[in-house]
Protein chains: 2
Amino acid sequence: MLYSQRLIVLRNKMDNEGLDAVWVIQPENRRYLSGFKAPDPQFTESAGSLFITQEEAILITDSRYGTEAEEEAPHFEVRVIKGEAAKALGNIILETGAKRVAFEENYVTWQLYRELMEKLGQGPELVPIQGLIREMRQIKDPYEIKALKASAQMVSSIMGEIIGWMNPGLTEREVAWQIHTLAYRRGAEDLAFPPIVASGPNGALPHAVAGERKIGPDEPIVLDMGVKLNGYCSDITRTVFLSEPPAEFRKIYRIVREAQQKALEVMRAGLMSDEVDGVAREVIKKAGYGEYFGHSLGHGVGLATHEAPRVGPLKPVRLEAGMVVTVEPGIYIPGKGGVRLEEMVLIQEGGVELLTTDPNFYQF
Amino acid sequence: MLYSQRLIVLRNKMDNEGLDAVWVIQPENRRYLSGFKAPDPQFTESAGSLFITQEEAILITDSRYGTEAEEEAPHFEVRVIKGEAAKALGNIILETGAKRVAFEENYVTWQLYRELMEKLGQGPELVPIQGLIREMRQIKDPYEIKALKASAQMVSSIMGEIIGWMNPGLTEREVAWQIHTLAYRRGAEDLAFPPIVASGPNGALPHAVAGERKIGPDEPIVLDMGVKLNGYCSDITRTVFLSEPPAEFRKIYRIVREAQQKALEVMRAGLMSDEVDGVAREVIKKAGYGEYFGHSLGHGVGLATHEAPRVGPLKPVRLEAGMVVTVEPGIYIPGKGGVRLEEMVLIQEGGVELLTTDPNFYQF
C-alpha cells in the first residue's frame, strides 16, 4: 500500500537522523504521507497535521474534517481537536515522550513555533526537518508518474484545443475561461493555477493576469496552464501567433525553442540542475537576449505546481531518475511582449521522457 | 488617496509603538497598504514584500512582477531583486538604520525569520507585529464597504439564480460548475473559494468537496459560495430542499434560522464577539443540537475570505462599526446531512446592515 510504504521510508530516514518524531503540517506533505486530501482553507488556517513516531501515526484535525480524515487516511489514528492546534499538538508530543521532533521550518510560522515551544517547555527539542520529505517527494514513485502523465496529457489536449479555437478579437479573459471550461469538461478537479493568457505587451509579464485586452492577429500570445487531476498538477506553456509574426518575434521564438531543445537533449540523471539551466541560458545569452530571461529554467511538479527540485542557476542539485520537472526558457521584452515555451519531463537514466505532448504545438 | 492615507495611519501606529519600520509580506496586507495586487503563486513563494519607515516606502519584488508593481503601487519605490529575499531585505534594513522592525509573526516562517536574523546579526531587532495591520483591516473604510457590498450583491444574485435553476439529478460538481460560470459571466475576478455543494449526507461535512453525487429531491443541499471582485471577497450560504424536506430537517432548518435571526437582532457595535456567538449557540443548544454545531458563528470578510475578527466562543473582541462579518450557524448530523445559513453584515452603531440579499432565500 502506497501510504504505509511511504511511512516505512520516512521512519527509516527518521532512524538515520536520530529523530523520534516528525510533525507535518504542510498540506501537500500531509497528503503525500497520509492520503488526507483537504487543502488548507487559507494559510494560517490549517486543515490539520500529522504526528509520526516509529510506533504511532496520528492525524490531528478539527470538526470540519473529521469524517474525511477517517475515510482518506486509514493508516492514521484521527484525533478531532477543539481549540488551539499548538496546545493539542504539544500535549501529544509530551504524551508520546518524543525528545527530538522534526518540523517544517519553511512552512511553520514563527508564531506557531513559539506557541509550541512555550507549551513544551524545557523538554522536547524541535528540529528543522530540512529535506526529509522534500527528498522523498522529488523522486516520483510509479503511482505518481502515472498520475502526472495523466495530468500532463489532459492539459496537453486542452492546449491543442485552445490553440485551434483561438481567434483574434477574443479577450484574454474569454480565452482563460475557455481553458477553465475544457478542464471542467475533461474531468479535472481544478486548474493547477489561474491560466496565463498574456497577449502582446502583456506577454512581457511572466505572471500576467488574463484581462480584458483583445488578442491581436500579429502578436505573441503566451498561454500557460495546468490542471489538477487526482491531486497531481501539470504545467505547460506555448506562445502562439494567430497569423504571421513580426520578424523580431519569429527570431525570439526560434532562440527560445533552441534553448529548450538543447536543454532537453542534455538533460538526464546525473547532471546538475545548474548545468542544464546553463545550457539553455547560454543559447539565449549568445543570441543577445540574456538580460531578458530573468527566471529559472524550470521546477519540479507533483502535488504542488512548483516543488523541488528547482532547475536554475542557484542552489544546484543532482538530477535523478524519477524527478518530474518543467523546462521553460523565456524571453521577455518590456513593453513589447514575450515568448515562453514549457514542457514537463520525466528524468531518466539516459535522458528524458516528454510528459506534455501535442503535434500542433510548435509553429516554427 | 487611499494608500497614502493608510500609510499615514500605519506610521502613526508605528510611532505609538516605538517601531522604526514595518516589514509586510502577507499578500493581503501587502495589497491593503500598497495597492500591489499580485497574490503569492504559492506559500513559500512570495511575490514580494513592503518595507515601510517614517520616510521610506519600498516594495521589494523580483523580475516576474516589476512592471505590475510600478503601475499598481505608485506610492512605493519598487526594487526588483535577484536571489534571496532575506538577503535583500536584510541589506535594506541595515541601509535604513532601522533598529526596531515589526514582522508578521503569523505569516513569516521560522526559516525566513532565522535567515533574516543571521543576516542582521546583533544590530536591528525583529518585533512581532501583533495586531498592527489586522486592526486597520478589520475596520473597513468607505471604499472597502462599497467594494464588499458589490461583491456581496453579486454573489447573492448568483445564489438566487442557482437556487432557481437547480434540479434533482444534477451532480454536485455540475452545480459547482454553474456557480463558476455565473461568476465568470457577471464579471467576477474569481471565486473567493471553491464552492461547496454538499447534498444529503455530504452536508454534514462543513468543508465538503463538490463531487459526483447526484442531488436528490428530498434532502438538504448546502450551498456555500463567494466571489472576488476588485480584490474583495464575499461569502454566503443557503441550505435548500428541492421538494418537501423530511420533518427532522425542516425542524433543524428552523432552529438554525432562529439562531441566525437572534444573533442578527442583537448584533451591533459595542457587543463582544463571544456574546453574539453565545446568542446563536444557545438557541441550538436549547433545541438539543448543541454538539452538532462545532464551528464559530462567523468571521470577518475583506481582501481575504476569512479574516479578523473571528466571531466565536474563544478570543472575544469588541465588535465595532465598520466591521464586516458573516453570521453562519449550522447543525451537522453525521451520516444524514447538514443545514447552514450564512449572511454577510456590516456592523453599525445601532445594529447591522445586511450585505447579502435575495428575496428567495429562505424556504421556511
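Start by selecting T109(B) in this predicted model. Among the residues of chain B, T109(B) is the one whose C-alpha comes closest to the rotation axis, at 2.0 Å. Keep that spot centred and bring both chains into view.

Which rotation lays one chain on the other? Chain B superposes on chain A after a turn of 180° with 0.0 Å of shift along the axis, and the RMSD is 0.0 Å. The two copies are therefore related as by a two-fold rotation axis. Now colour the contact residues: of those in chain B, 100% recur in chain A, so the same surface serves both copies.

Next, hide chain B and look for the sheet in chain A. How many strands does the open sheet have, and in what order? There are 6 strands, and reading across them gives β4-β3-β2-β1-β5-β6, with mixed pairing. Select residues 77-80 for β4 and 125-128 for β6 to mark the edge strands of chain A, each of which pairs on one side only. As you step across the sheet, neighbouring strands are turned by 25° against each other on average, direction ignored.

Zoom in on β1 (residues 21-24) and β2 (residues 49-53) of chain A, which pair in the antiparallel sense over 4 bridges. For one bridge to inspect, pick W23(A): its partner in β2(A) is F51(A).

Last stop: select residues 27-34 of chain A to show helix α2. What does helix α2 lie across? Helix α2 lies across β1, β2 and β3 (57-61) of chain A, running at about 50° to β2(A). Keep β1 and β2 displayed here, and W23(A) with its bridge partner F51(A) can stay in view too.

Notes. Residues numbered from 1 in each chain as written. Chains lettered and ligands numbered in written order. Predicted model: local features only at pLDDT ≥ 70, side-chain atom pairs only at ≥ 80, totals over all residues. Pairing = 2+ DSSP bridges. Helix = DSSP H or I, 4+ residues; strand = E, 2+ residues; numbered from the N terminus. Axes fitted to C-alpha atoms, helices over the stretch in contact; angles between N-to-C directions. Contact = placed C-beta atoms within 7 Å. Least-squares fit on C-alpha atoms with pLDDT ≥ 70 in both.
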